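Good morning, and thank you for coming. I shall present one protein chain and ask you to keep its sequence and structure in view as I speak.

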Amino acid sequence: MKYQAHETAVVDAGCEIGEGTRVWHFSHIMAGSVIGKNCNLGQNVFVASGVRLGDNVKVQNNVSIYTGVVCEDDVFLGPSCVFTNVINPRSAVPRKDQYKKTLVERGASIGANATILCGHVIGRFAMIGAGAVVTRDVPPYALVVGNPSRQVGWVSEQGHHLIFDANGIAVCPESGQRYALRDGKVLELKDEAE
């Protein structure tokens with residue numbers, strides 16, 4: 001078997017799970033979902049049909065990932081965070097044809113107990129604080145907190161707070177990578193001519 005699943009996990013026929021992925025206690029992976037290589041899905045995780053998780057995605061305990069969600073490579077989903085897929089849910093009104101897409105781009109992290117309302121993009125390497133309620137798109141490298149979430153800063157690919165100098169340049173204290181703040185957007189300096 002190319003992946004490992006705990007004996008209490010329910011892995012439906014018709015899902016795709018990549019090599020090296022681990023699925024832990026009481027999790028349910030539905031048919032039609034695609035999970036990449038070397039992922040780790042903690043206890044009591046639910047992955048609905050149509051969900052796509054890239055490689056090296058870490059899903060902590062008690063996370064629900066509903067139809068319409070796509071997480072690119074290296075995404076971190078903190079304990080008990082949740083995604084929605086309908087703007088105006090009603091028990092008596094079927095709305096499966098109205099699911100909204102949510103994209104979590106490469107390297108983004110979503111904190112414990114955060115809620116991601118559907119139809120938004122969480123940008124590359126963004127960081128969503130614990131308990132935040134995301135109601136709009138989040139730019140790459142942005143740090144957002146609160147309910148509703150608001151941006152309070154920028155973070156590096158390693159998750160460190162970036163402090164920009166008068167020239168709009170910041171350096172990650174862990175990696176030494178340099179970043180530029182240009183027109184309200186953060187770019188790695190290797191992505192642009194200095």
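How many disulfides does the count come to? In this predicted model, the count comes to zero disulfides. Let us take Cys71 as a case: it takes part in no disulfide, and the nearest cysteine sulfur, which belongs to Cys81, is 8.2 Å away. A disulfide requires the two sulfur atoms to be within 2.5 Å, and the 8.2 Å found for Cys71 does not meet that requirement. For those new to the term, a disulfide is a covalent bond between the sulfur atoms of two cysteines.

Are these cysteines buried or exposed? Cys71 is buried, because its relative accessible area is 2%, and residues under 20% count as buried. Cys81 also counts as buried, at 1% relative accessibility.

I should like to stay with Cys81 for a moment. Please find the loop between strand 13 (76-77) and strand 14 (82-83), where Cys81 lies. Which residues is Cys81 in contact with, leaving aside its neighbours within four places in sequence? They are Asn62, Val63, Ser64, Ile110, Gly111, Asn113 and Ala114. Ala114 deserves a second look: Cys81 and Ala114 are 33 residues apart in sequence, yet their C-alpha atoms are 4.7 Å apart in space.

A further cysteine, Cys172, is buried too, with a relative accessible area of 1%. Cys172 leads us to Ser156, since Cys172 is one of the residues that Ser156 touches. Not counting residues up to four places away in sequence, the others are Phe125, Tyr141, Leu162 and Tyr179. Ser156 is found in the loop between strand 22 (150-154) and strand 23 (169-171). Ser156 is buried, because its relative accessible area is 1%.

Let me now turn to the whole chain. Its secondary structure comprises zero helices and 25 strands. Of its 194 residues, 42% count as buried. Along its principal axes, the C-alpha trace spans about 55 × 40 × 25 Å. The radius of gyration is 18 Å, which agrees with the value near 16 Å for a compact globule of 194 residues.

Among contacts between residues at least 6 apart in sequence, 15% join residues at least 24 apart.

Finally, the surface and the charges. The accessible surface comes to about 9,900 Å², and 49% of that belongs to carbon and sulfur atoms. The chain carries 18 positive and 19 negative side chains, and the centres of these two sets lie 7 Å apart.

Note on methods:
Residues numbered from 1 in each chain as written. Predicted model: local features only at pLDDT ≥ 70, side-chain atom pairs only at ≥ 80, totals over all residues. Heavy atoms only, no water. Helix = DSSP H or I, 4+ residues; strand = E, 2+ residues; numbered from the N terminus. Rg over C-alpha atoms; globule rule 2.2 N^0.38 Å. Buried < 20%, exposed > 50% of the residue type's maximum accessible area, 1.4 Å probe, protein only. Contact = heavy atoms within 4.5 Å. Areas by Shrake-Rupley, 256 points an atom, 1.4 Å probe, with all protein chains shown as cover. Lys, Arg positive; Asp, Glu negative; His and termini not counted. Charge placed at Lys NZ, Arg CZ, Asp CG, Glu CD.
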